[in-house]
Amino acid sequence: MLNDRLTLSLLGGIGALLALASVVTAVLKSRQPAGQPSNVVANLDARVRAWWAMVAIVAVALAIGEIGTVVLFGLLSFFALREFITLAPTRAADHRTLFWAFFVITPVQYVLVARDWYGLFSIFIPVYAFLFVPIRSALAGETADFLARTARTQWALMVCVYCVSHVPALLMLQIPNFENGNARLLLFFLIIVQLSDVLQYVWGKLCGRRKIAPVLSPSKTWEGFVGGVLSASAVGAALWWATPFAPWQAALFSLGITLMGFFGGLVMSAIKRDRGVKDYGNLIAGHGGVMDRIDSICFAAPVFFHVVRYCYT
Amino acid sequence: MSLGRDAVARGIRLLCGVRELPAAELPAGPCILFANHSSHLDFAVIWAALPPALRARTRPVAGRDYWEATPFRRWLAGTVFRAVLIERQRVTVATNPLEPMLAALDAGATLIVFPEGTRSPDGTLGEFKSGLHHLARGRPSIPLVPVLLDNLNRILPKGEFLPVPLLGAVRTGPVLAFDPKENKNAFLARARAAVAALRGPT
């Protein structure tokens, strides 16, 4: 799916941005006083390196085509699910239910995406998995904490699998006059949602003062939020040529993506605080776990998918 | 064979989400690793998390009654993991479980022991049996290293045969000093506390 000029332009743009980030990091590193390495610079360095790897992985998946993209996001769901369930207390009686969640429900959801079976894709987890989880746990015969345990597993499947699967599902949309352009729509979505995270962080570091939710996420400030959301939306408007949208529509969609992404990060932070951890995992150096990187995607993807589907197909 | 073992170790680490332990956190020579026990995976996970050089000379201590019950278990214990099998039920002078363990230590092996003696059904830490004390008294110069296995009871609980790939963890603590003047119960309580102290925030 990387055979058209516009898609390559988008990827080239990301590459240029990352190259700039690498140069800035190298300059910061060289300016450090000898013998006093800064943690902030080391973390920035690790993050930029991880970004290169993540962009390369997405590019390879898109180059392989729809199947590569579906497999990539299926794996992300799998890793996010294991991080999420690890933090959410379940009991031995849930063991078989969890086995189904990992090895049956997750793969089936992505097979439905690969088969473009929209009707079942959109209800498989909210209806069938939702009902299956409590049935299977009830059969195990343990009543203690039953509702909370069941809800945790259902939540994990909704957030980590159902929501994330809407990203590759963007490839199944048939938008008139936008044939073969769906890879660009997917890239547009990923760029806006991730750039919004980065820009909120950067604006927050530059001029952040008033905290939005000091208990949930001490690093989120109003200045970072407003600056990040507005600048990411401006970038979105400027990328309208890669999408089926007019510039003002691209700006509105970007605004929606960034707002939902922000709320996703906030909600997933609340869960982390409750469990007393800072990160969901340590798979991605500098970033934390997979869930820490895709929390904003979880909340933005289904809304973006359905609004585009409603308005354009 | 070493490549095969490395691949198996890598696979186990991937399945259980554990990282290789830094060699600097472990004694260079033979030692006794004592850990909590809640899953059949426990030994394999410690083995997989050890630095390769140490892994090659590490042997688990396991119950003969269980591990010789079927040909598959015998192959796993004998050929794959080179377990030191000990008698748990009919202990006599002739089948003293201490002898094979001391012999393995003298031959330069590092031992993995589970002082609770059996798997905990829910991940809580049970009382330590006296075997660890006998072992420590038998070779007081060998370092005793506490090991905590976190979440393994959720990955493969007692009574289940299919693992769920959650994130586990292997943590080691500082070497537990052995004092020949300390009585057995005080020593066992101290050893148990050293393992319990390694438990994480959740």
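This passage describes a sheet in chain B and a helix in chain A of a predicted model.

In chain B, six strands form an open sheet with mixed pairing, and their order is β3-β2-β4-β1-β5-β6. Because β3 (84-86) and β6 (169-172) of chain B each have a single partner strand, they stand at the edges of the sheet, and one side of each is left without a neighbour there. From one strand to the next, the twist averages 25°. The edge strand β3(B) pairs with β2 (residues 58-63) of chain B in the parallel sense over 3 bridges, and within this pair V61(B) stands opposite V84(B). Elsewhere on the sheet, helix α9 (residues 184-196) of chain B lies across β1 (32-35) and β5 (144-150) of chain B, its direction being at about 45° to that of β5(B).

In chain A, helix α4 (residues 95-114) comprises 20 residues, which at 1.5 Å a residue should span 28 Å, and the separation of its end C-alpha atoms, 28 Å, agrees with this expectation. The helix nevertheless contains a kink of about 40°, centred on A101(A). A101(A) is itself buried, and the buried residues of α4(A) also include H95(A), L98(A), F102(A), I105(A), Q109(A) and L112(A). In an α-helix there are 3.6 residues a turn, so residues three or four places apart point the same way. The buried residues of α4(A) pack against α3 (66-87), α5 (118-121), α6 (124-139), α7 (146-163) and α8 (166-169) of chain A, and also against α8 (152-155) of chain B. After α4(A) comes D116(A), the phi of which is positive, near 55°.

Note on methods
Residues numbered from 1 in each chain as written. Chains lettered and ligands numbered in written order. Predicted model: local features only at pLDDT ≥ 70, side-chain atom pairs only at ≥ 80, totals over all residues. Heavy atoms only, no water. Pairing = 2+ DSSP bridges. Helix = DSSP H or I, 4+ residues; strand = E, 2+ residues; numbered from the N terminus. Axes fitted to C-alpha atoms, helices over the stretch in contact; angles between N-to-C directions. Contact = heavy atoms within 4.5 Å. Expected span 1.5 Å × (residues − 1). Bend = angle between axes of the 7 residues up to and from the residue. Buried < 20%, exposed > 50% of the residue type's maximum accessible area, 1.4 Å probe, protein only.
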